[in-house]
Amino acid sequence: MNIFVVNSGSSSIKYQLFRWPTEQPVCTGLVERIGQEQATITHKVFDGQQPAADATEQKRTLPLADHEAGLREVVRLLTEGEGRVIQNPADIDVVGHRVVHGGEAFAATTLITGEVKAEIRRLFALAPLHNPANSLGIEVAERLFPQARQVAVFDTAFHQTLPEHAFRYALPEALYTEQRIRKYGFHGTSHQYVAAQAAAYLHNPDARLITIHLGNGCSMAAVRGGRALDTTMGFGPLAGLVMGTRSGDLDPSVLLHLLGPLGYSAEQVSTLLNKESGMLGLTGFSDMRDIGRALAAGDTRAELAYMLYAYRIRQYIGAYTAVLGGLDAIVFTAGVGENDVLVRSRVCQDMDFFGLQLDEELNQQRRPGLRDVSGPDSRARILIIPTNEELEIARQCAELLA
Ligand SMILES: Nc1ncnc2c1ncn2[C@@H]1O[C@H](COP(=O)(O)OP(=O)(O)O)[C@@H](O)[C@H]1O
Ligand SMILES: CC(=O)OP(=O)(O)O
Ligand SMILES: [Mg+2]
């Protein structure tokens with residue numbers, strides 16, 4: 001069976017093809033700057049578990065009007081030329097879609113029907129940056145792979161186990177019952193994947209875990225026995241940690257001040273909080289590699305930003321240890337969590353009293369796969385686990401259809 005995973009963003013499409021049941025990744029790729037004259041497609045064929053060396057990587061720049069044009073090019077790459085991995089589109093049996101917001105309607109992976117698509121559209125208002133693009137990806141994939149089964153895997157689904165006292169806000173009840181205003185949580189596929197890996201490593205299915213997903217978007221989850229008990233993102237993906245361009249936690253009176261005395265429109269506030277805040281707002285850079293370089297050059301704004309970023313994570317480690325009634329491991333994952341030595345070091349600094357002790361030497365070593373970087377006296381483990389949202393999506397598709 002061939003499972004094709006699609007993560008459709010507003011101007012990009014990430015994709016990966018797997019052979020099942022071996023879980024063998026076949027190819028992966030990224031279409032960027034859709035809607036522009038200079039769109040790019042990078043297509044890589046795997047050699048074993050890793051993308052093969054440059055010989056089989058193809059990069060093309062071309063005009064791509066929309067998502068349909070983008071996915072059509074991807075189909076061409078899958079079926080023609082040196083990057084070819086299937087005979088024709090009919091060889092794709094299942095298309096698994098990342099859908100960011102599933103609201104309260106979807107607590108599990110779901111076969112896509114007309115009713116499911118209508119519900120995803122009803123949720124546009126709750127995830128305006130993500131769901132419209134996800135919905136478009138589904139429409140286009142249905143046209144290009146008409147014989148395949150289409151499956152939705154929701155970022156929010158894993159967090160549907162949160163108890164009501166964790167997911168409700170202290171607002172008038174009708175705003176929940178009628179407007180569905182509550183905490184939903186995101187990055188669920190990633191938290192679920194790394195939590196399962198950590199529990200297996202610890203040989204403890206009931207492990208009390210704090211998973212820390214640090215990518216462009218950042219969130220943490222408290223997970224016990226494979227079930228999410230709390231998470232830092234909320235109604236939308238703005239709450240909680242400091243992110244690349246998003247503010248994370250903020251006193252709502254700041255919004256009132258922006259909208260009132262300072263005269264911002266709602267749209268300007270949205271742009272400010274989603275695209276101009278976080279590490280970008282603090283330092284002028286959103287990419288942690290740039291901020292690391294600025295820090296090494298003695299930039300005081302970069303120093304403050306690192307402190308703020310790590311401080312927020314430490315606060316939630318304290319909070320979630322209380323939520324979990326103890327702690328067996330923390331798990332760093334995603335682009336920053338897997339690669340940034342300094343972030344991990346700052347987060348774990350002087351936490352011996354708390355039972356967390358990082359081995360600074362192990363922390364600096366770069367190795368693929370799961371890494372245990374706990375020091376000899378650490379009561380809880382400190383783990384680095386590469387996330388693989390695409391593989392988790394493919395697994396959930398296979399499980400659903402089994
Ligand atoms: N070697 C590295 N050191 C520090 N940060 C890194 C490194 N590689 C990637 N990153 C960070 O990872 C981020 C992207 O993470 P990723 O999980 O791919 O995010 P997303 O899926 O949200 O796009 C980048 O913004 C970058 O700051
Ligand atoms: C929900 C969310 O924040 O996703 P991403 O990190 O991909 O932007
Ligand atoms: Mg991501």
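The shell around ligand 2 holds 3 nonpolar, 4 polar and 1 charged residues. The model is predicted. Asp155, one of the residues surrounding ligand 2, is covered by the annotation "active site" in an unreviewed UniProt entry. A second shell, around ligand 1, includes Gly215, Asn216 and Gly217, and these three residues are also listed around ligand 2.

**Ligand 2**
- Val100, Asp155, Phe186 and His187 are among the residues that surround ligand 2.
- Gly215, Asn216, Gly217 and Pro237 also belong to the surroundings of ligand 2.

**Aspartate 155**
- Aspartate 155 sits in the loop between strand E9 (149–154) and helix H4 (164–167).
- Aspartate 155 counts as buried because it has 27 C-beta neighbours inside 10 Å, and the cut-off for buried is 20 or more.
- Apart from neighbours within four places in sequence, the contacts of aspartate 155 are Arg98, Val100, Phe186, His187, Gly188 and Thr189.
- Among these contacts, Val100, Phe186 and His187 also appear around ligand 2.

**Ligand 1**
- The residues around ligand 1 include Gly244, Asp287, Met288 and Arg289.
- Ala334, Gly335, Val336, Asn339 and Asp340 are further members of the shell around ligand 1.
- Helix H10 (288–296) and helix H12 (334–339) each contribute at least two residues to the shell around ligand 1.
- H12 gives the largest share of the shell around ligand 1, with 4 residues.
- By class, the shell around ligand 1 consists of 3 nonpolar, 6 polar and 3 charged residues.

How values were computed
Residues numbered from 1 in each chain as written. Chains lettered and ligands numbered in written order. Predicted model: local features only at pLDDT ≥ 70, side-chain atom pairs only at ≥ 80, totals over all residues. Near = placed C-beta within 6 Å. Nonpolar A, V, L, I, M, F, W, Y, C, P; charged D, E, K, R; others polar. UniProt positions renumbered as here; feature names shortened; annotations may be inferred. Buried ≥ 20, exposed ≤ 12 C-beta atoms within 10 Å, placed from the backbone. Contact = placed C-beta atoms within 7 Å.
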